[in-house]
Amino acid sequence: MNVSITASLGADQLTQAVGAITNHQQAEWEAAMRTFCSALWGGTAWGQQRHDYQWGQTANSGPGTPRENWVLDVLALMARVPDPRGWVGLDDAAQSPEREASPTYPFVAHPPEYIARRLQDIDRDSAENLLLALTDDGCTLSNLSRFAESEEELRAMARTILARCGDSASFHTNINKPGHVSGTLDFTSSGWAYSPLSVYSEDYGLIVFSDTEVGMFWNFADY
């Protein structure tokens with residue numbers, strides 16, 4: 001057989017195999033997202049990381065504060081940039097008339113430094129718990145009992161959602177439920193606080209950074 005034909009066939013088969021894996025990952029991720037979003041009023045968004053992500057101390061910020069160019073990617077998500085993979089998301093405020101005047105609505109168009117000071121980094125286990133807690137307006141894990149799925153099944157879905165960002169991802173939130181170890185959240189504690197970033201009386205969320213993408217999950221509540 002002609003060597004060039006053989007090479008072409010090999011490349012085509014590899015493309016088909018990669019495509020099948022990607023399609024399976026997308027289907028699994030979107031199924032998990034549908035379950036997650038069914039109990040959430042808010043928004044999710046993914047975009048490409050376009051600015052240097054650096055989380056650390058600068059001359060004008062304390063430890064654990066993102067440098068402000070990093071926040072420009074978060075602002076882009078608030079304005080609903082298209083998902084670079086074309087995967088499904090959630091935008092409950094998409095048809096709100098306020099969006100015409102303010103593309104970031106219901107987020108307030110804060111300057112980058114304002115947002116930077118209101119985010120803290122958390123570990124992956126805390127991010128998994130937070131993703132589940134976002135389905136409850138009180139940001140607790142008590143809502144899990146209302147799902148048809150078991151807690152273990154829900155946790156597997158949360159891991160599937162976060163798997164999109166890879167093993168080296170970093171996680172950040174505007175919630176303060178400090179655990180015994182720095183960078184953790186304690187969902188057994190009744191006390192908690194948050195730094196609102198929207199027009200609603202309460203909002204809390206999770207921001208995820210991978211090497212190439214940035215993602216956001218947010219819940220809004222008004223009382």
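Let me start with asparagine 174, whose side chain reaches the backbone oxygen of aspartate 203 at 3.1 Å. A polar atom of that side chain also lies 3.1 Å from the backbone nitrogen of glycine 205. Please keep in mind that this is a predicted model.

Where does asparagine 174 sit? It is in the loop between β3 and β4, the latter being residues 175-176. Buried or exposed? Asparagine 174 has a relative accessible area of 3%, and because the cut-off for buried is under 20%, it counts as buried. Beyond its neighbours within four places in sequence, asparagine 174 is in contact with a list of residues that includes Arg118, Leu119, Ala193, Tyr194, Pro196 and Trp218. Asp203 and Gly205, the two backbone partners I began with, are among its contacts too.

Now the second residue, cysteine 165. Cysteine 165 is in the loop that runs between α6, residues 151-163, and β3, residues 170-173. Its relative accessibility is 5%, so cysteine 165 is buried as well. Apart from residues up to four places away in sequence, cysteine 165 touches Trp46, Arg124, Phe171, Val208 and Ser210. There is also a C-alpha separation of 7.9 Å between cysteine 165 and aspartate 211, which are 46 residues apart along the chain.

Next, the sheet. Which strands form it, and in what order? Five strands make an open sheet, ordered β1-β7-β6-β3-β2, with antiparallel pairing. The edges are β1, residues 42-48, and β2, residues 120-122; each has a single partner strand, so one side of each has no neighbour in the sheet. From one strand to the next, the twist averages 20 degrees.

At the β1 edge, the partner is β7, residues 213-221, and seven bridges join the two antiparallel strands. One residue to pick out here is tryptophan 46, whose bridge partner in β7 is glycine 215. Trp46 has already come up, as one of the residues touched by cysteine 165.

Finally, the whole chain. The protein has six helices and seven strands. Starting at the N terminus, the order of elements is α-β-α-α-α-β-α-α-β-β-β-β-β. Of the 223 residues, 44% are buried. Among contacts with a separation of 6 or more, 69% are between residues 24 or more positions apart. The accessible surface is about 11,300 Å², and carbon and sulfur atoms account for 52% of that surface.

Technical notes
Residues are numbered from 1 along each chain as its sequence is written. This is a predicted model: local features need pLDDT of at least 70, side-chain atom pairs count only at pLDDT 80 or more; totals for chains, interfaces and linings use all residues. Side-chain values use heavy atoms; hydrogens and water are left out. Helices (H or I, at least four residues) and strands (E, at least two) are DSSP runs, numbered from the N terminus. Buried means under 20% relative accessible area, exposed over 50%, partly exposed in between (1.4 Å probe, protein chains only). Contact means heavy atoms within 4.5 Å. Accessible areas come from the Shrake-Rupley method with a 1.4 Å probe; for residues, only the protein chains shown count as cover. A polar contact is a pair of N or O atoms within 3.5 Å; within protein, one must be able to donate a hydrogen and the other to accept it, and residues adjacent in sequence count only if both atoms are side-chain atoms. Two strands pair if DSSP finds at least two bridges between them. Axes are lines fitted to C-alpha atoms, for helices over the stretch in contact, and angles run from 0 to 180 degrees between N-to-C directions.
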